[in-house]
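The following exercises concern a single structure, which should be kept in view throughout. Each task is followed by a solution in steps.

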Amino acid sequence: MDNMQHFLYGGDYNPNQWDKTIWQEDLDFFEEARINSATINVFSWAKIQPSEEEYDFNELDEVIEMLSKHKNYIVLATSTAALPAWMFKKYPEVGRTDFEGRRHKFGQRHNACPNSLVYQKYAKRLAGKLAERYGRNPNIAYWHVNNEYGGECFCENCEAAFRVWLKKKYKTIEALNKAWNLEFWGHTVYEWDEVVLPNALSEGISYEKTAFAGISIDYRRFNSDSMLENFKMERDAIRKYDLVTPITTNLMGTYRYLDYFKWAKEMDIVSWDNYPAYNTPWSLTAMRHDLMRGLKQAPFMLMEQTPSQQNWQPYNSLKKPGQMRAQSYQTIAHGSNTIQYFQLRRSIGGCEKFHGAVIAHSGSAETRVFKEVKALGKEIEKIGEKILATQNKSEVALIFDWDNYWALEYTSGPNKDLKYIDQVHQVYQYFYNQNISVDFVSTEDELSGYKLVAAPVLYMVTEGLKQRLEAYVKDGGTLVTGFMSGIVDSSDNVHLGGYPGPLRKLTGIWVEEIDALAPEQFNEVSFSKGPIGKGALLSDVIHLEGAEALAHFTSNFYKGHPAATVNFFERGRVYYYGTQLDEESLKLFLDEAAEQAKVDKRFSDTPLEITRRFSREETFIFIINLTQKNHSVPQKLIGKKDILTGSILEENQLLTPNEVRIIVE
Ligand code: GLA
Ligand code: ZN
């Protein structure tokens, strides 16, 4: 099903918003910029189905014919992400009800109730009709179902469907009461229809806080599953007519509300939209790419990025000259097999009129942005296909888990500032800063191939995960985990018998209490190796049960207690940090773990980003200067040839900000 033989370079294209006289101009621009693909029909439902009974594919036929003639690869979307007005008018239930309980009227997008049978009926029918009509066109390279699935619905249809989902999961009402610990506050339910969905009118304290995490986590799972069912429904409707073209939907990186590991199993290929803000650290963008690659442990598509500006951030800075190129190579280096823009031509009205595009309002090829897009297009034309034969490889894995994300952040206490992505990013950043490649894995993935597995804030631990972690360490693996780990089961009920519950034997420690530190507070942490660092956010009060201390607290009433430990467990080791260490201390701690695990650090001594993709015969080394200063390339790479320019990397030659070199060995 993987037909990635061509490196797609293109993006979202909405000729339907334009007069036909513009279309030919567009094609000329595409050719000039080496754009070879267009994502079409993303928001055209109202156009191709003007009423309940009527379908009109005339314009889409023309667009597809035009692009096909012009040998453009088409990413064909199904248009179901924004509902037509007639549907709202006749069937108000297709719209969503929000957390406050307000039923929404016609407006905006990504606005369908996933459990509306009317929505399902028409979305499925549309996907089927599109596949029937266009499924055999060889220019259709990918199907793009819907668009950025997301959000949540809290309507009565969803409530009814939630009860069905719960019955299937728990079988008996007793099991449900137990799982949600409903004895607390006397919330016991006796009949299934006494269960209400957790919004602001019931258990929801605020959108992010809840009186019963068990209910709210299940509702997240249910909502993610409901939308996934929507995706599968369209996918299967397409498959009736088109058995081969890969089907995707565009994901959103670390987006909170959908369990992307579960989604990826249903997708032929992962695609995602990358929109860093002006101040997003490069490490966070790299992390998101790696997470997207990890969903299927395979290359992905960059479905959207802006060539320069956005409109929906608070501050929509221009990408500086060279920045878009550097960012594109970072994307490829971390596993993307496409570069696609949102969008190809800038719209004239609506909230995205200030969103960057390949073709600006001036309609001129003499823009900085167009020239940069064209220059990159030429390079990709040259090297794109070779890159497709390569894959990333890592010795380090980082466990990421959406259930855990939801549970950790729903939990009330101990510290409101504890955020899942922050914590994962801090650990990721250590590896990123040293150019150590990281694979993101789920709690179900195989770990045995990795030298080191990091599992920060592994708050929710099931029996299965405990066994997998133990087996990994027993076999000689190195596990790194830390505070707020091993606390609850899959229903957010605490594992009794002392923290970190199921990880207690593995870590060789008992955490008696967990202290919360306000932003202005910190504890001193003294490492046996010398330096004194700082611990913030949370501090575990740790007792050793077989582990050795690597650092101690030297302040607060628990001074003298360990702050970081290592436990030798059969043939492996488990490192544990009991507080949020400052960057330097975290480095010291993780250096030790990485060294013991013999993790390859060949490019760790440079501020340049260096990432590798491998084929059986070749290694592509991407060297990118994402800093604000000039830097020389590492000694090891001097004398090698850059495939972009054909020039040899020389000693004392400096890479200026945003410069890129690619070496093939
Ligand atoms: C999202 C959407 C696009 C567009 C861009 C703008 O990624 O999928 O339709 O709105 O944002 O940044
Ligand atoms: Zn609903």
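Helices (H or I, at least four residues) and strands (E, at least two) are DSSP runs, numbered from the N terminus. This is a predicted model, in which local features need pLDDT of at least 70 and side-chain atom pairs count only at pLDDT 80 or more, while totals for chains, interfaces and linings use all residues. Residues are numbered from 1 along each chain as its sequence is written, chains are lettered from A and ligands numbered from 1 in the order in which they are written, and side-chain values use heavy atoms, with hydrogens and water left out.

**Exercise 1. Cis peptide bonds**

Task: Locate Pro414 and Gln343, and state which residue a cis peptide bond joins to each.

Solution.
Step 1. Pro414 belongs to the loop between H13 and H14.
Step 2. The bond that leads from Gly413 to Pro414 is cis, and its omega is near -10°.
Step 3. Asn415 is in the loop between helix H13 (402-410) and helix H14 (420-433) as well. At 11% relative accessibility, Asn415 counts as buried, because buried means under 20% relative accessible area, exposed over 50%, and partly exposed in between (1.4 Å probe, protein chains only).
Step 4. Between the C-alpha atoms of Asn415 and Ala518 there are 7.9 Å, although the two residues are 103 residues apart along the chain.
Step 5. Gln343 is placed in the loop between strand E11 (338-341) and helix H12 (368-387). A cis peptide bond with omega of about 0° joins Phe342 and Gln343.

**Exercise 2. The surroundings of ligand 1**

Task: Describe the shell of residues around ligand 1 and its polar contacts.

Solution.
Step 1. A residue is near a molecule if one of its heavy atoms lies within 4 Å of it. The residues that surround ligand 1 are Phe43, Arg109, Asn147, Glu148, Asn250, Asp273, Tyr275, Glu304, Trp312, Phe342, Glu352 and His355.
Step 2. Ala, Val, Leu, Ile, Met, Phe, Trp, Tyr, Cys and Pro count as nonpolar, Asp, Glu, Lys and Arg as charged, and the others, Gly among them, as polar. By these classes the shell holds four nonpolar, three polar and five charged residues.
Step 3. A polar contact is a pair of N or O atoms within 3.5 Å; within protein, one must be able to donate a hydrogen and the other to accept it, and residues adjacent in sequence count only if both atoms are side-chain atoms.
Step 4. An oxygen atom of ligand 1 lies 2.8 Å from an N or O atom in the side chain of Arg109. For the side chain of Glu148 the corresponding distance is 2.6 Å, and for the side chain of Trp312 it is 2.6 Å.
Step 5. Alone, ligand 1 exposes 300 Å², and the protein buries 97% of that. Such areas come from the Shrake-Rupley method with a 1.4 Å probe; for residues, only the protein chains shown count as cover.

**Exercise 3. Positive phi angles**

Task: What is the value of phi at Ser79, and what is it at Val457?

Solution.
Step 1. Ser79 is not a glycine, yet its phi is positive, at about 75°. Ser79 sits in the loop between strand E3 (73-77) and helix H4 (85-90). With a relative accessible area of 0%, Ser79 is buried.
Step 2. Val457 is not a glycine either, and its phi is positive, at about 35°. Val457 sits in the loop between strand E14 (452-455) and helix H15 (463-474). Its relative accessibility is 1%, so Val457 counts as buried.

**Exercise 4. Buried or partly exposed?**

Task: Classify Arg239, Gln391 and Lys451 as buried or partly exposed.

Solution.
Step 1. Arg239 is in helix H8 (residues 213-239). Arg239 counts as buried because its relative accessibility is 16%. A polar atom of the Arg239 side chain lies 2.7 Å from the backbone oxygen of Thr245.
Step 2. Gln391 is in the loop between H12 and strand E12 (396-399). Gln391 has 40% relative accessibility and therefore counts as partly exposed. Its C-alpha atom is 9.5 Å from that of Ser336, and 55 residues separate the two along the chain.
Step 3. Lys451 is in the loop between strand E13 (438-441) and E14. Its relative accessible area is 32%, so Lys451 is partly exposed. From C-alpha to C-alpha, Lys451 and Val599 are 6.6 Å apart in space, and they are 148 residues apart in sequence.
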